[in-house]
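Visitor: I'm new to reading protein structures, and I'd love a close look at one part of this one. Could you pick a sheet and walk me through it, then show me a little of what lies elsewhere?

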Amino acid sequence: MHLISLVARIIVLLGLLLPGSVPANPNGEPVQTAETPPPRPETPVMATTVPGSGEADLILMNRHVVRFRSSLLGSPASQRAERGERNLTTILARDESDEVKVQHNQMGNIFLVGGQLAFILTHDDVDKLSGETLEGLTHSTLDKLRRVIAETRESRDSEAMARGAAAAAGATVAALLLTLALNRLHAGISTRLVRAIDQKARHLKLGGTELIRRDRVLAAVGWLMSASYWLLTLLLGYAWLGFVLARFPFTRAWGEQLNGYLLGMLFDLARGIITTLPNLLIAAIMFLLARGVVGLFKPLFDHVSAGASGIGWLDRDTVEPTRKITNILIWIFALVMAYPYLPGAHTEAFKGMSVLIGLMVSLGASSIVGQGASGLILMYSRTLRTGEYVRIGEHEGTIVDISLFTTRLRTGRGAEITLPNALIVGSATRNYSRTVTGAGFMVDTSVTIGYDTPWRQVEAMLIEAAGRTPGILTTPSPRVFQTALSDYYPEYCLVAQALPAGAYPRAEVVSRLHANIQDVFNEHGVQIMSPHYMSDPANDKIVPREKWYTPPAREPEA
């Protein structure tokens, strides 16, 4: 028995080394074979070596049959693939039986095609890392080999090739007709859409000015239509190419790969959409809840904003910033809660975007947070209100708007100034609307008159000038303060209250007041001047008692 086994191994070795030689069955009996004719060129067979792995693939009719992963009796995987190529080429060149059988041997499984040796699979050819077994590899190789043999016979069938050519010609004609129809459809839709957009854009005007530039809209629509047209054309060409290649045995594998790739991509897309639907539903529910919470707070904010009584620290001045901050916090909370359920949230792209956003926020956070905090300080400390007349540094005007980052002033000359909130918080602010009784704003001006003019007369003239100025209120009455007694002259400051806005802005009221002061002083013969001396005068610069009540000043009643 040992001798018979040894003889069987020697015969198997000769079958491996000599193409078309006679293999032995498990009982040691030779298998009858026919004379091997030369291979025909119509049967395309090739062996492919896997780069850098010591493995080789056996490919027939552009189909992968099997991968050799090890050497056998000193023959490396590439040599085994080449030998299997020659054996299959020789066998398939004959018009004989295509029956495929497998004989089990101590060395592995022997594949026989029409009673002829094709190749041998051993246990070392199994992909052990994937859990593959020799039996599973044998069954899958059998299926591939039978299919390859069937396509090889089909490639020699003139009727089958004619049917494939007819199907390819029909598909080509259909593809050309569809392309022509698609071209006409694209032209028709583009023309009608452009005409409709052009007509609509003509009516979208505000004060005679177009709100939307038609040329840019038309260019964007044209680009979208062209992109859609070429995308559909490419998909049509892709489908046509896959169909035509699948009609012929030699290129059928390529066509199946093209169709499989397209269908696989569409299947993966559909599966991804279906898989993410539950997560999208959860995210949508969170956003709907956030919208509901925002809606619950809206009546409260609208009630306070309409001028009704405030609620604690929430009043008409702070209701709008509070509304914005509350809404932003609610939506941010909803976004954070829904983020893990968004499609692609755990991908590297989302992680990279998160890092980028975090870096941008870190770089610009100091300035943005500082400005925002200054805006909140102005709003909630009620330092400024819209409509008040203030002086911030060298800028003076009426507050038009207070936002989170900037405050806008409108001067009496019609200019609008935008100031950063951080600058306002760090500067001294003079509010002329907070120092009055009731509605209105303060108006003040200063003059310096020599000591030889009675101070009672100066005060009376300033009050008279204030009474002549439109916009200045008589109640409360204007007042004059002597703010300084300098070396050469005293300083008088007139303070009065003007209407809140009325018919005259503050700049015009101050201008009219200065004009009236000059008129009154000229009428009473008093010079508006600030004397300086190079030496002492000949006479003392004093006011005698009889001149203390020079008109328009009046002596108080006893």
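Guide: Happy to! Let's begin with the whole chain: buried residues make up 32% of the 558 residues in the protein. Please keep in mind that this is a predicted model. The protein has eleven helices and 16 strands. Among the contacts with a separation of 6 or more, 61% join residues that are 24 or more positions apart.

Now to our sheet. It is an open sheet of five strands, in the order 12-11-10-9-13, and the pairing is antiparallel. Strand 12 (416-420) and strand 13 (429-431) are the edge strands, since each pairs on one side only. On average, and with direction ignored, neighbouring strands of this sheet are turned by 40° against each other. What holds strands side by side? Strands of a sheet pair through backbone hydrogen bonds, either parallel or antiparallel.

Let's walk towards one edge. Strand 10 (residues 395-402) pairs with strand 11 (residues 406-410) in the antiparallel sense, over four bridges. One place to look is Asp 401, whose bridge partner in strand 11 is Arg 408. Strand 11 also pairs with strand 12, again in the antiparallel sense, this time over five bridges. There you can find Thr 406 standing opposite Pro 420 in strand 12.

Stay with strand 12 for a moment, and follow its side chains. They alternate along the strand: Ile 417 and Leu 419 point to one face and are buried, while Glu 416, Thr 418 and Pro 420 point to the other face and are not buried.

Which residue of strand 12 shall we zoom in on? Let's take Leu 419, which lies in that strand. Its relative accessibility is 4%, so Leu 419 counts as buried; the cut-off for buried is under 20%. What surrounds this side chain? Leaving aside neighbours within four places in sequence, Leu 419 is in contact with Ile 392, His 395, Phe 405, Thr 406, Thr 407, Leu 409 and Ile 424. Take Ile 392 from that list: Leu 419 and Ile 392 are 27 residues apart along the chain, and their C-alpha atoms are separated by 9.2 Å.

For a contrast with strands, try a helix. Helix 10 (residues 455-468) has 14 residues and reaches 20 Å from its first C-alpha to its last, close to the 20 Å expected at 1.5 Å a residue. Its buried residues are Gln 457, Val 458, Glu 459, Met 461, Leu 462, Ala 465 and Ala 466. What covers them includes strand 14 (441-448), strand 15 (479-485), strand 16 (490-498) and helix 11 (506-523).

Helix 2 (residues 77-92) passes a similar check: its 16 residues should span 22 Å at 1.5 Å a residue, and the end C-alpha atoms are 22 Å apart, which agrees. Buried residues in helix 2 include Ala 77, Arg 80, Leu 88 and Leu 92.

Let's finish with the aromatic rings. A search of the whole structure finds five aromatic pairs. In one of them, the rings of Phe 111 and Phe 119 have their centres 4.8 Å apart and their planes at 25°, so the pair is stacked. Both Phe 111 and Phe 119 are buried, and together with Phe 68 they form one aromatic cluster. One more ring to visit is that of Phe 243: the charged end of Arg 247 sits over this ring, 4.2 Å from its centre.

Note on methods. Residues are numbered from 1 along each chain as its sequence is written. This is a predicted model: local features need pLDDT of at least 70, side-chain atom pairs count only at pLDDT 80 or more; totals for chains, interfaces and linings use all residues. Side-chain values use heavy atoms; hydrogens and water are left out. Rings of Phe, Tyr and Trp (its six-membered ring) pair if their centres lie within 6.5 Å; planes under 30 degrees apart count as stacked, over 60 as edge-to-face and the rest as tilted. Buried means under 20% relative accessible area, exposed over 50%, partly exposed in between (1.4 Å probe, protein chains only). A charge sits over a ring if NZ of Lys or CZ of Arg is within 6 Å of the ring centre and within 35 degrees of the ring normal. Helices (H or I, at least four residues) and strands (E, at least two) are DSSP runs, numbered from the N terminus. The expected span of a helix is 1.5 Å times one less than its number of residues. Two strands pair if DSSP finds at least two bridges between them. Axes are lines fitted to C-alpha atoms, for helices over the stretch in contact, and angles run from 0 to 180 degrees between N-to-C directions. Contact means heavy atoms within 4.5 Å.
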